[in-house]
Each structure stands twice: as structure tokens, then as C-alpha cells.
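Me: I'm new to this structure and would love a short guided tour. Could you show it to me and then take a few questions?

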Amino acid sequence: MYYSESERWQEWSSLLRDALPDVDVRLLDDPGPAGDVDMALVWRPPAGALRRFPNLRVIFSLGAGVDGILSDATLPDVPLVRLIDAELTRGMTEYVLAAVLRHHRHFDVYGRQQAEGVWRFHRPPLRSACRVGILGLGELGRDAALVLRDFGFAVAGWSRGAKDLPGIACYDGADGLGAFLARTDILVCLLPLTPGTAGILDKTLFAALPEGAAVINVARGGHLVDGDLIAALDEGHLSGATLDVFHEEPLPEAHPFWRHPKILITPHAASYTVPQSAVAHIAANIRRLRAGEPLVGVVDRERGY
Ligand code: OXD
């Protein structure tokens with residue numbers, strides 16, 4: 001059973017049938033007898049929608065983040081599987097690289113200068129002296145960190161539990177956060193949204209970054225305290241921000257982010273699910289489910305990712 005942008009369901013359904021000819025894909029709006037449905041493929045389904053299916057065995061997320069599924073307090077107690085897709089991961093890395101380069105090469109400053117007809121060169125620091133910090137070293141954070149490292153940036157990562165990545169300075173836990181922030185000129189948030197990470201991008205965190213740092217949020221709007229970001233930019237402590245995600249989407253017309261000269265907004269476009277590649281991950285898991293084998297990408301509901 002499928003629930004997302006309904007215009008894409010034909011595409012998903014035909015790709016799934018190519019991979020697993022016996023699969024019968026139905027829309028949430030027209031699922032047939034509830035007892036027939038044993039698997040759900042969803043992106044932010046309406047709360048309560050999945051509890052109608054008594055024989056549900058698994059829920060597949062059609063996106064990397066699962067907060068929009070876990071927020072349903074009545075979610076059936078069956079495995080929830082996040083999407084792991086090379087195209088989605090690379091799409092995110094591409095965006096993060098572009099955003100880091102935008103701050104590193106002062107495109108944000110040049111944009112403001114252009115508006116005033118100012119011709120002034122700003123020499124960027126050497127890449128090896130530009131310290132990028134990735135908050136969150138899951139599937140997406142790890143790939144971005146390694147590509148930025150290969151590009152020559154000084155990359156560090158922070159995660160809740162300890163991680164070890166070649167050429168990346170890895171910090172973890174509450175104790176490691178201060179040192180991680182103190183060495184970070186460009187901060188990228190790629191954390192899952194959980195009760196423990198909501199509002200993490202706040203004035204305390206910004207104050208722990210060096211003067212002139214930039215912030216890129218490609219995780220969830222709920223990570224950011226909007227007013228604290230505006231204050232840190234207006235005081236000049238932060239030099240700029242690139243934001244792809246917001247508390248309310250689309251971002252309301254009256255929101256001050258729209259007109260802030262130091263903020264670039266993109267419309268939740270950092271990455272996106274590519275059905276042609278994502279279907280391989282889902283089909284492989286369906287085969288595992290049928291063979292009674294462990295699924296890949298099962299979310300730990302306690303942790304929230
Ligand atoms: C996702 C997203 O979680 O697009 O995949 O935000």
C-alpha cells in the first residue's frame with residue numbers, strides 16, 4: 001500500500017512490479033479489503049492511517065527521515081524501515097558541497113555586493129584551513145563528510161555514539177559537542193529529528209561556534225530556533241545561513257527568513273527520493289521479509305532513527 005504524492009504511485013507501482021512481479025500496489029485512498037494489506041510504503045501518512053490494516057508486517061519510509069511517520073502515536077508496532085538509497089544520499093552530498101562552497105568562496109557576500117554594485121575581492125582561506133563540521137554521521141552525514149574531506153576541507157563530525165571515519169575528526173556525546181563546535185567554521189546539520197535533537201541549533205550552540213561561522217540546515221526545521229539564528233546573524237556572530245527545511249513548509253510568506261540578507265532559502269530541495277534507485281532497496285527488503293531474513297535499515301523507535 002502506497003501513500004505519498006499520488007501522481008507518482010503509478011511509477012512506483014510499475015517499478016516494484018518489475019522487481020517483484022507478484023506485488024500488488026494499492027493507494028491508501030483505495031486499498032481494497034484492509035486485511036489484504038501487509039506492507040506500507042509511505043511518506044508522512046496522516047496520523048492513524050496505518051492502524052486500519054490488521055495484517056501489516058512492515059512500513060517502508062519513502063524518505064530518509066522517519067520523524068513524519070514516528071509522529072503518529074498510533075503507528076502499528078511492526079518494523080519501520082528507513083530508505084537507504086545511493087541517489088538520495090549523493091543528492092544530499094551534492095547540495096551540502098554546493099552550500100559549503102557558497103560560504104567558503106563568499107558567494108553569499110558577492111550576492112549582497114552585487115545588489116549594491118560593489119566590486120571587492122574576498123580571499124577565501126585555504127580549504128585545508130576551512131573547518132567544516134557535520135552534525136550527524138548517519139548514512140547522509142557520513143557520505144557528505146567523506147566527499148568534503150576528499151575535496152580538501154578539514155572535516156569533523158559529531159554523533160551521539162562514537163564513530164570512526166578515516167580522515168574525519170570524530171566527536172561524540174554531550175561531552176564532545178563543545179570541542180566540535182569550537183573548531184567548526186561551517187556547520188552542517190544532518191541529524192535525525194528526535195526529542196533529543198529538537199531545537200539543538202539555538203543561541204547556546206551558535207555562541208559556541210567561532211565568530212564568523214556559517215550554518216547549513218538540511219535536516220529538519222525543528223532543529224532550529226529561528227529567532228536565535230536571526231539574532232546571531234544580526235549581531236554578526238554568524239556570517240550566513242543556508243536553510244532547506246523549516247518548522248512550517250512551505251515557509252509562510254511573512255516569515256523574516258525570506259527577506260534576511262544573510263539567509264539563502266531553498267524549498268526542501270536538498271535531496272529527493274529517486275524511485276528508480278530507491279526501489280532496489282525496498283524490493284531487496286521485501287525479499288528478505290518473505291525469506292524470514294533480517295531487514296536492512298530498521299529504525300530503532302526508542303532512538304527515533
Ligand atoms: C527525507 C526528506 O527525509 O526529503 O528524505 O526530507
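Me: Which residue has its backbone nitrogen 3.2 Å from a polar atom of the side chain of Asn217?

Reply: Happy to help, and please keep in mind that this is a predicted model. Asn217 belongs to strand S9, which covers residues 213–217. A polar atom of the Asn217 side chain lies 3.2 Å from a backbone nitrogen, and that nitrogen is part of Ala219.

Me: Is Asn217 buried or exposed?

Reply: Leaving aside neighbours within four places in sequence, Asn217 touches several residues, among them Cys189, Leu201, His223 and Thr242. Its relative accessible area is 0%. Buried means under 20%, so Asn217 is buried.

Me: Thanks! Now to the ligand: which residue has a polar side-chain atom 2.7 Å from an oxygen atom of the ligand?

Reply: The residues around the ligand are Trp43, Gly63, Ala64, Gly65, Arg220 and His268. For Ala64, a polar backbone atom is 2.7 Å from a ligand oxygen, and for Gly65 a polar backbone atom is 2.6 Å from one. The contact you ask about uses a side chain instead, and it comes from Arg220.

Me: How much of the ligand's accessible area does the protein cover?

Reply: Let's start with the shell around the ligand, which divides into two nonpolar, three polar and one charged residue. Among its contacts, a polar side-chain atom of Arg220 lies 2.7 Å from a ligand oxygen. On its own, the ligand has 210 Å² of accessible area, and the share covered by the protein is 83%.

Me: His268 is one of the residues around the ligand. Is it buried, partly exposed or exposed?

Reply: His268 sits in the loop between S11 and helix H9 (275–291). Its phi is near 45°, a positive value in a residue other than glycine. With 27% relative accessibility, His268 counts as partly exposed.

Me: What is the phi of Arg44?

Reply: Most residues other than glycine have a negative phi. Arg44 is found in the loop between strand S2 (39–42) and strand S3 (58–61), and it is partly exposed at a relative accessible area of 33%. Although Arg44 is not a glycine, its phi is positive, at about 45°.

Me: One last thing: which two residues does a cis peptide bond join?

Reply: Most peptide bonds are trans. The cis bond here has an omega of about -5°. One partner, Pro250, lies in the loop between strand S10 (238–243) and strand S11 (263–265), and the two residues joined are Glu249 and Pro250.

Conventions: Residues are numbered from 1 along each chain as its sequence is written. This is a predicted model: local features need pLDDT of at least 70, side-chain atom pairs count only at pLDDT 80 or more; totals for chains, interfaces and linings use all residues. Side-chain values use heavy atoms; hydrogens and water are left out. Helices (H or I, at least four residues) and strands (E, at least two) are DSSP runs, numbered from the N terminus. Buried means under 20% relative accessible area, exposed over 50%, partly exposed in between (1.4 Å probe, protein chains only). A residue is near a molecule or strand if one of its heavy atoms lies within 4 Å of it. A polar contact is a pair of N or O atoms within 3.5 Å; within protein, one must be able to donate a hydrogen and the other to accept it, and residues adjacent in sequence count only if both atoms are side-chain atoms. Accessible areas come from the Shrake-Rupley method with a 1.4 Å probe; for residues, only the protein chains shown count as cover. Ala, Val, Leu, Ile, Met, Phe, Trp, Tyr, Cys and Pro count as nonpolar, Asp, Glu, Lys and Arg as charged, and the others, Gly among them, as polar. Contact means heavy atoms within 4.5 Å.
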